[in-house]
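Biologist: Could you take a close look at the charged side chains in this one and walk me through how they pair up? Once you're done there, carry on into the nonpolar packing.

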Amino acid sequence: MKAAPLAVAIMGPTASGKTAAALEIARHLPCEIISVDSALIYRGMDIGTAKPSLEELASVPHHLIDILDPLDAYSAMQFRTDALRLSLEIIARGKLPLLVGGTMLYFKVLRDGLDELPQADPGLRAQLDEEAARIGMPAMHARLAELDPVTAARLKPNDSQRIQRALEISLLTGGPMSALLSQKTAEELPFDLLPLALEPSDRAVLHERIALRFDLMLKDDALLNEVRKLRARGDLHPGLPSIRCVGYRQAWEYLDGEIEYATMREKGIIATRQLAKRQLTWLRSMPDRIVIDCNAPDATQQVLSKVLATQAAKTGG
């Protein structure tokens with residue numbers, strides 16, 4: 001039998017050096033990059049998402065960046081469909097697919113397949129929205145705890161989007177979402193995926209990087225000016241997935257006059273640290289990942305060496 005082709009996943013929390021590692025691989029191997037990032041999909045959101053520069057984008061083909069207007073939504077199901085199609089097209093071109101990013105839900109759905117969950121019901125969703133506005137999200141979370149204690153236990157009481165989706169599924173199916181998830185079967189990928197995870201040996205170093213990067217975004221009002229442009233459109237609001245992205249939410253609050261500048265900076269850095277913590281929690285649930293210390297001076301070279309060694313082993317080179 002012919003050996004399955006190779007694809008590489010470069011995962012890690014925000015500010016761990018994923019882009020640098022991918023670009024280093026691209027300097028040594030013919031490859032194309034598939035972004036695994038739920039924020040980079042949006043057009044006009046470049047500063048706060050730490051989108052690769054125009055030079056970086058031009059140096060190697062990139063996919064799933066700037067594909068959506070901030071008014072629109074993009075699901076994990078859509079990502080899996082797009083990522084599988086793109087990976088096979090890249091392989092057919094004789095190149096190596098590099099799946100690079102920090103949206104761990106996308107990686108999980110790519111590897112484990114899709115859940116057989118019901119489609120959204122607009123009527124029920126409107127009813128749940130109205131109820132949430134009336135009684136508040138903590139009460140909705142308590143209601144979910146009665147219907148699906150397993151799902152409620154892993155969701156924060158203010159995670160409105162996921163709480164309402166879990167309630168919607170429970171009410172549509174008559175059973176808990178957690179039971180449906182446990183019944184699903186994994187779908188085999190059409191390629192061998194090398195899972196490389198850039199993780200910090202010292203989280204304090206990552207926190208310093210996060211603060212530095214956020215300050216760079218704020219420099220010369222770059223992030224604020226970007227958010228001002230988004231606000232000027234008139235059709236965007238803080239309830240959208242795009243505007244809920246870390247950094248944008250805090251900048252929007254500041255421009256609304258709800259918080260001071262120093263508070264915006266502090267909240268933005270804290271929210272980014274919390275995002276990194278969630279990303280690391282997801283990574284720990286992937287026991288087969290190959291961990292590389294992102295704090296190491298040669299982290300990028302370690303990633304490259306792993307990829308070169310794996311490819312050589314597959315091709316016999």
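Modeller: Let's start with Arg233, which is partly exposed at 36% relative accessibility. This is a predicted model, so keep that in mind throughout. The partner of Arg233 is Asp235, and their closest N and O atoms sit 3.0 Å apart in a salt bridge. Asp235 is partly exposed too, with 34% relative accessibility.

Now look at Lys51 and Asp46, another salt bridge, again with 3.0 Å between the closest N and O atoms. Here Lys51 is buried, at 11% relative accessibility, while Asp46 comes out partly exposed at 35%.

Next up is Glu32, whose side chain meets that of Lys95 in a salt bridge, N to O 3.5 Å. This pair ties together distant parts of the chain: Glu32 belongs to strand 2 (residues 31–35), Lys95 lies in the loop between helix 3 (76–92) and strand 4 (96–101), and 63 residues separate them. Glu32 is buried, with a relative accessible area of just 3%, whereas Lys95 is partly exposed at 29%. There's a third member to add, since salt bridges link Glu32, Arg93 and Lys95 into a network. Across the model, the salt-bridge count is 20.

What about the cysteines? The disulfide count is zero. Cys31 is nonetheless buried, at 5% relative accessible area, and so is Cys294, at 4%.

On to the nonpolar packing. In soluble globular proteins, nonpolar side chains tend to be buried together. The largest nonpolar core in this model has 49 residues, and Met11, Phe79, Leu99, Phe107 and Leu223 have the most contacts inside it. Among the elements that give it two or more residues are strand 1 (6–11), helix 4 (104–112), strand 5 (192–199), helix 10 (203–218) and helix 13 (261–284). Helix 3 supplies the largest share, six residues.

Phe107 is a handy place to zoom in. Setting aside neighbours within four places in sequence, Phe107 is in contact with Ala9, Ile10, Met11, Val36, Leu99, Gly101 and Met286. Two of those partners, Met11 and Leu99, also appear with Phe107 on the list of residues with the most contacts inside the core.

Finally, there's a second, separate core of 23 residues, and Leu29, Cys31, Ile33 and Ala299 are among its members. That brings us back to Cys31, the buried cysteine from before.

Notes: Residues numbered from 1 in each chain as written. Predicted model: local features only at pLDDT ≥ 70, side-chain atom pairs only at ≥ 80, totals over all residues. Heavy atoms only, no water. Disulfide = S-S within 2.5 Å. Buried < 20%, exposed > 50% of the residue type's maximum accessible area, 1.4 Å probe, protein only. Salt bridge = Lys/Arg side-chain N within 4 Å of Asp/Glu carboxyl O. Helix = DSSP H or I, 4+ residues; strand = E, 2+ residues; numbered from the N terminus. Core = buried A, V, L, I, M, F, W, Y, C linked by side-chain atoms within 4.5 Å. Contact = heavy atoms within 4.5 Å.
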